[in-house]
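Biologist: I am new to this structure and would be grateful for a close look at a single part of it. Please describe how the helices of one chain pack against each other, and then place that part in its wider setting.

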Number of protein chains: 2
Amino acid sequence: MKHIITISRQFGSGGREIGRRLAQALGYAYYDRQLVVELAERTDLAEDYLQRIDQMDPVPIMPMTFASTFTQSFDPVADMSQEIYHKQSELIRDLAERSDCVIVGRAADYILKDKHPLRLFIVADDDFRMDRCRLKGQVPDDMTDKRLCKEIRAIDKRRGRYYEFYTGQTWGEATNYDVVINTSQIGVDRTIEMIKHLVLHWNGEYEGSR
Amino acid sequence: MKHIITISRQFGSGGREIGRRLAQALGYAYYDRQLVVELAERTDLAEDYLQRIDQMDPVPIMPMTFASTFTQSFDPVADMSQEIYHKQSELIRDLAERSDCVIVGRAADYILKDKHPLRLFIVADDDFRMDRCRLKGQVPDDMTDKRLCKEIRAIDKRRGRYYEFYTGQTWGEATNYDVVINTSQIGVDRTIEMIKHLVLHWNGEYEGSR
């Protein structure tokens with residue numbers, strides 16, 4: 001069976017960067033929301049992509065995966081029908097069968113439950129998340145901290161709604177994941193190192209131990 | 001400043017074993033609820049103990065730290081006055097200043113907040129926790145799973161009440177910790193290895209990085 005890492009994350013916690021760099025460090029394929037949405041919508045693109053996966057194992061990170069921004073709105077009811085969700089879910093299951101991979105978002109932890117992925121949830125304190133958003137140039141200069149904090153929480157609320165709408169589980173509830181990491185003190189680099197160590201040992205000598 | 005690891009844990013998740021073995025692996029002192037309670041109550045014992053710490057750094061695990069069992073009852077209101085809590089808190093701060101250490105329970109993450117401990121919270125699924133309790137011989141043979149599950153949850157409820165009573169924070173809320181680990185899939189051994197790796201790298205090349 002392939003090795004699968006799923007990542008859910010609070011906005012601004014560094015979860016997406018952790019996913020991308022972890023995939024790179026481990027030589028796993030990397031998929032995020034943007035890519036899954038694109039592939040599920042454009043059948044021709046998906047076929048090309050799946051063919052590429054079959055030729056190379058694992059898949060390199062594709063240039064298509066671009067940064068998420070504040071301007072994206074997402075609402076489970078307005079933006080997506082159940083049919084699209086099912087199409088995306090099938091695609092995610094298909095991708096997860098083709099190569100070792102890291103999948104960020106899209107309730108992949110739930111969709112792939114029977115494949116026993118390593119389920120990560122990345123969180124951070126408000127201050128850390130605001131700093132990170134500003135540092136990445138995602139925030140207009142004149143946006144106050146109060147407003148920014150509100151925007152960040154609104155994005156999380158949408159993520160939570162999406163997750164809960166399709167899974168019936170609570171987004172961010174510790175027992176739904178294997179490791180929940182708060183990057184505020186540990187930081188992104190240490191998180192990647194720690195998870196890489198866990199995965200490399202998992203595949204090796206620790207297999208099956210309790 | 002000393003390196004401090006605090007561990008909060010759901011009953012039956014393996015958190016206490018993780019704390020003890022992590023302390024052993026890192027050469028840190030190990031303190032759990034039992035020891036803190038004993039030391040805070042018996043001044044003569046505390047003096048002896050603190051003297052031993054001053055002579056040896058770090059402190060070996062003391063034979064006093066025995067296993068918690070179902071028979072212990074704990075209620076923040078009935079069993080403990082604010083005065084005893086403050087005495088325990090002072091002792092915890094004192095211990096944390098004397099050597100690198102692992103402290104399990106006693107809201108140590110909150111008490112030592114200004115010392116920036118590595119704050120762990122260990123959780124596990126109900127099935128894992130029930131298996132673990134039975135395996136450790138803590139459960140009467142005739143106790144049903146339903147009853148056992150109820151007992152386990154009642155213990156957690158008391159732990160949560162204690163924590164919330166003294167800290168005003170929510171027990172188990174992800175952002176109050178640095179790493180929350182679900183041992184159900186990862187297991188106790190891998191958790192120890194992962195955290196050991198994090199700590200050893202923290203003190204080394206990762207210092208100060210984000």
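Modeller: In this predicted model, helix α7 (residues 126–135) of chain A packs against helix α8 (residues 145–167) of chain A at an angle of about 100°, and their axes are 10 Å apart. An angle of 65 to 115 degrees counts as roughly perpendicular, and α7(A) and α8(A) are therefore roughly perpendicular to each other. On the side of α7(A), the contact is made by Asp126(A), Arg129(A), Met130(A), Cys133(A) and Arg134(A). These residues meet Asp145(A), Leu148(A), Cys149(A), Ile152(A), Arg153(A) and Asp156(A) in α8(A). Sorted by class, the contact of α7(A) with α8(A) comprises 5 nonpolar and 6 charged residues, with no polar ones.

Two of the residues in this contact deserve separate mention. Asp126(A) and Arg153(A) form a salt bridge, in which the closest N and O atoms are 2.2 Å apart. Because Asp126(A) lies in helix α7 of chain A and Arg153(A) in helix α8 of chain A, the pair ties together parts that are 27 residues apart in sequence. Over all chains, the structure holds 28 salt bridges.

Another helix pair of chain A may be set beside this one. Helix α2 (residues 33–41) of chain A and helix α5 (residues 82–98) of chain A pack at an angle of about 110°, their axes being 9 Å apart. That angle makes α2(A) roughly perpendicular to α5(A). Here α2(A) contributes Val36(A), Val37(A), Leu39(A), Ala40(A) and Glu41(A), while α5(A) contributes Lys87(A), Gln88(A), Leu91(A), Ile92(A) and Leu95(A). The residues of the contact of α2(A) with α5(A) divide into 7 nonpolar, 1 polar and 2 charged.

In chain B, the axes of helix α5 (residues 82–98) and helix α8 (residues 145–167) come within 12 Å and cross at roughly 85°. This crossing makes α5(B) roughly perpendicular to α8(B). Gln82(B), Tyr85(B) and Gln88(B) in α5(B) meet Tyr162(B), Phe165(B) and Tyr166(B) in α8(B). The contact of α5(B) with α8(B) has 4 nonpolar and 2 polar residues, and no charged ones.

The wider setting includes a sheet to which both chains contribute strands. This open sheet of 10 strands has mixed pairing, and its order is β2(A)-β3(A)-β1(A)-β4(A)-β5(A)-β5(B)-β4(B)-β1(B)-β3(B)-β2(B). Its edge strands are β2 (29–31) of chain A and β2 (29–31) of chain B, each of which pairs on one side only. From one strand to the next, the twist averages 15°. Within chain A, strand β4 (residues 118–123) and strand β5 (residues 179–182) pair in the parallel sense over 4 bridges. Ile122(A) has Ile181(A) in β5(A) as its bridge partner. Helix α1 (residues 15–26) of chain A packs on the sheet, where it touches β1 (4–9), β2, β3 (101–104) and β4 of chain A. The direction of α1(A) makes about 165° with that of β1(A).

The meeting of the two chains completes the picture. In chain A, 35 residues are in contact with 36 residues of chain B. About 3,100 Å² is buried between chain A and chain B, and carbon and sulfur atoms give 56% of that area. Across the interface of chain A and chain B, 0 salt bridges are found.

Note on methods:
Residues numbered from 1 in each chain as written. Chains lettered and ligands numbered in written order. Predicted model: local features only at pLDDT ≥ 70, side-chain atom pairs only at ≥ 80, totals over all residues. Heavy atoms only, no water. Pairing = 2+ DSSP bridges. Helix = DSSP H or I, 4+ residues; strand = E, 2+ residues; numbered from the N terminus. Axes fitted to C-alpha atoms, helices over the stretch in contact; angles between N-to-C directions. Contact = heavy atoms within 4.5 Å. Parallel < 35°, antiparallel > 145°, perpendicular 65-115°, else oblique. Nonpolar A, V, L, I, M, F, W, Y, C, P; charged D, E, K, R; others polar. Buried area = accessible area lost by both parts, 1.4 Å probe. Salt bridge = Lys/Arg side-chain N within 4 Å of Asp/Glu carboxyl O.
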